[in-house]
Amino acid sequence: MLRINDILDRVQPYLSPTELEMIEKAYIFSASVHQGQIRLSGEPYLTHPMEVCGILADMKLDAATLVTGLLHDTVEDTLATQEQIEEAFGKEVAFLVDGLTKISKITLGNQEERQAENFRKMILAMSSDIRILLVRLADRIHNMRTLEFQTPDRQLYISKETLELYAPLANRLGINWMKMELEDLSFRYLDFEAYNELAKRVVKKQKKREEYAEEVRGIIRQEMERFGIRGEVEGRAKHFYSIYMKMKEQHIDFDEVYDLTAFRIILDSDKDKDCYEALSMVHALWTPVPGRFKDYIAMPKANHYQSLHTTVIGPYGERVEIQIRTRPMHNWAEEGIAAHWRYKEGGSFSPDDNQIKKLRDLLDAQQEIKNPREFMSNLKVALFPEEVYVFTPNGDVRSFPKGATPIDFAYSIHTDIGNQCIGAKANRSIVPLKYQLRNGDRVEIITQAGHHPSKDWLKYVVTTRAMAKIRNWVKTEERKKSVALGRDLLEKEFKKHHLKFGQISKSSEMQVLFKELHTESLDDLLAFVGYGRVSPKHVVHHFLPEEEVKKEEPVDKTRKKGPETEPIGVSLAGIDDIMVRFGKCCDPIPGDEIVGYISRGRGITVHTDNCIHVPDMDAERLVNVQWDVREKREYPVQMKIVCHDSKGILADISTAISSLDVNIYHAEINTAPDGQATCHFGVNVNNLKQFNKISAAIRKLRGVISVERIWRS
């Protein structure tokens with residue numbers, strides 16, 4: 001267990017004696033209030049805040065942040081109060097602890113809402129003080145390091161959330177070591193067999209790789225000495241998750257991944273031009289690989305990362321990746337925003353304001369999005385950008401995520417420019433609106449007054465701002481249509497029962513119905529009816545005598561039986577006997593996270609939560625559904641297997657599938673000139689667990705490169 005003296009020894013070089021005393025005082029306070037509490041591992045709960053504080057100490061953060069690390073769970077998990085924290089440690093620490101406590105005290109209905117609200121509050125907290133987010137990331141790091149004590153379901157959920165959101169957040173803050181550790185720890189739990197197999201193969205090649213790395217370092221050091229370039233050379237093995245993703249994306253086997261080690265030249269200088277001199281030296285030494293040079297000094301990444309990247313043909317014809325940077329660039333690359341803390345006059349500790357502003361600007365657009373699914377979808381997009389840089393007609397440089405289109409560019413200028421966009425020019429030539437912007441493009445937007453956005457634009461915009469603006473316009477228009485349709489349907493239904501809708505809509509009884517249906521106005525009710533969330537009959541029954549309603553009930557209950565009305569294992573809270581079908585685009589199976597979409601006259605269509613079509617759906621028509629499987633049933637699912645085209649491989653795969661008592665209903669094999677085969681299989685499974693067993697069995701086969709589930713577009 002980490003001791004308080006270990007932490008004090010780490011921070012003593014840069015903190016004052018008074019600040020060291022405050023950290024020790026926080027340790028005593030935390031130990032006192034957490035006394036008797038035990039973690040799932042069986043260790044005293046105090047080990048967790050101590051480890052979190054240790055991580056923050058390694059990042060050389062200020063005393064208030066370290067104290068917050070020790071106290072971050074006290075108000076949430078003990079009898080300690082916010083007032084006690086403020087009285088003992090001051091307003092600054094109390095503010096930070098309060099920010100973390102508010103994030104944790106979320107008790108919303110479902111998991112999706114909790115996750116969305118959690119991240120919304122983290123972003124808001126980050127806007128007021130970035131240190132709240134840094135403590136949260138340190139907290140997640142230690143929780144991931146001790147994830148083995150959680151249940152398998154919790155391990156999967158926490159790992160997925162970490163990989164999709166926390167690791168990208170660490171990357172956005174530029175904290176590279178944290179991003180890599182979070183990715184590797186998540187990978188270990190999300191696909192242990194693939195992780196374990198990769199780990200074994202990396203260890204097997206380790207000695208040979210270390211010998212090669214030392215030889216390359218020696219050659220580079222010798223050349224640097226000859227040219228009078230001062231600095232150090234280091235070689236670091238790529239982390240497991242990045243190797244795994246490279247194999248998956250390029251459809252290659254482990255033996256074909258040549259650049260397992262990345263070399264860095266870290267210059268003692270702080271001048272950019274010295275990096276380019278070092279680059280000339282490397283390119284004179286070894287032949288560069290065309291198209292593999294990236295200049296992140298002239299055009300830094302969105303998280304302020306700067307470096308020169310080049311790939312060359314090194315000794316023995318091996319490809320070698322080399323990064324060149326100054327010492328300040330290296331500090332930022334490893335520690336990110338934590339490397340930019342600095343003391344101001346009066347001893348206060350605050351981050352580089354410019355970097356914080358960039359992060360706030362990036363996430364500002366998220367605050368207006370109310371729907372949790374849409375919020376999380378947009379947030380994930382915002383956290384994964386690869387930048388392209390284009391010019392406005394005036395010569396200003398604007399950066400966009402890779403894949404951005406002229407529509408993204410138009411909305412970045414002004415909402416009206418985006419809404420009225422009818423065409424675009426790139427480098428003075430007309431281009432389609434779905435044209436993907438390239439580095440160096442000079443972009444002009446052609447507008448027309450009175451023109452409106454199209455829902456189809458959502459298929460090829462990538463910036464969260466453009467998505468939000470288009471969805472907002474589409475949602476407003478669809479709501480207008482739904483209100484009109486709802487009014488028409490209700491007026492007809494009321495007329496059928498000799499009731500006047502206009503008169504009843506203003507009655508006090510209508511207000512009672514509003515409360516029952518959780519609507520706030522007549523327009524909301526009309527929209528619900530128009531969307532299909534509430535039937536006109538249900539509304540009318542509220543105003544009819546009980547005996548008249550009973551007369552109609554037998555008619556309502558008599559329904560034509562058919563394949564679509566049979567129970568298929570999905571339920572919607574509070575509603576029975578509902579027509580349900582599965583989306584053919586994503587083939588949901590029990591175990592998937594699912595969502596329902598109301599289609600008027602066709603009941604509810606069930607999609608997987610990550611179906612590519614869900615983000616484009618009208619949020620008003622999305623409803624929470626859940627699996628309710630009472631009888632064993634088979635569900636179709638498709639998978640893609642990439643393997644070496646060797647004799648007997650197809651028979652081995654088929655045997656692995658059928659040995660688990662699973663039926664193959666479709667098989668298609670395509671071979672490529674490079675000796676690889678891509679196999680598409682359609683199989684019938686009972687649930688996600690059975691599918692995962694199939695995938696694990698196939699991965700064990702010799703010659704198999706990757707196995708993944710696929711969805712129809």
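Two strands count as paired here if DSSP finds at least two bridges between them. Keep that in mind for the opening stop, and remember throughout that you're looking at a predicted model.

**Stop 1: the four-stranded sheet**

Select β15, β17, β16 and β18. These four strands make an open sheet, lined up in the order β15-β17-β16-β18, with mixed pairing. Now look at the two ends of that row. β15 and β18 (622-623) are the edge strands, and each has a single partner strand, so one side of each has no neighbour in the sheet.

Next, colour residues 603-608, which is strand β17. How many of the six residues of β17 are buried? Six of the six are, so the strand is largely enclosed by the rest of the structure.

Turn to one flank of β17 and pick out β15 (residues 580-582). Three bridges hold β15 to β17, and the two run parallel. You can click through a couple of the matches: Val-580 has Ile-604 of β17 as its bridge partner, and Arg-581 sits opposite Thr-605 in β17.

Then select β16 (residues 594-599). Does β16 run parallel or antiparallel to β17? Antiparallel, with six bridges joining the two. For a landmark, find Gly-596, which stands opposite Val-606 in β17. As a general point, strands of a sheet pair through backbone hydrogen bonds, either parallel or antiparallel.

**Stop 2: a buried threonine**

Jump to Thr-311, which belongs to strand β5 (residues 308-313). Turn on a surface and this one should be hard to spot, because Thr-311 is buried, with a relative accessible area of 3%. Show what surrounds it: leaving out residues up to four places away in sequence, Thr-311 touches Pro-288, Val-289, Arg-292, Arg-319, Val-320 and Glu-321.

**Stop 3: the nonpolar cores**

Head for the N-terminal helices and select Ile-23, Leu-71 and Ile-85. In the largest nonpolar core, which has 56 residues, these three touch the most other members. Helices that each supply at least two residues of this core include α2 (17-33), α6 (82-104), α8 (130-145) and α9 (152-172). Which helix gives the largest share? That's α8, with nine residues.

Zoom in on Leu-71 and show its contacts. Skipping residues up to four places away in sequence, Leu-71 touches Ala-26, Phe-29, Ser-30, Ile-85, Phe-89, Val-93 and Val-97.

To finish, select Phe-681, Val-683, Val-685 and Ile-694. They are among the members of a second, separate core of 29 residues.

Definitions and conventions
Residues are numbered from 1 along each chain as its sequence is written. This is a predicted model: local features need pLDDT of at least 70, side-chain atom pairs count only at pLDDT 80 or more; totals for chains, interfaces and linings use all residues. Side-chain values use heavy atoms; hydrogens and water are left out. Buried means under 20% relative accessible area, exposed over 50%, partly exposed in between (1.4 Å probe, protein chains only). Contact means heavy atoms within 4.5 Å. A nonpolar core is a set of buried Ala, Val, Leu, Ile, Met, Phe, Trp, Tyr and Cys residues joined through side-chain atoms within 4.5 Å.
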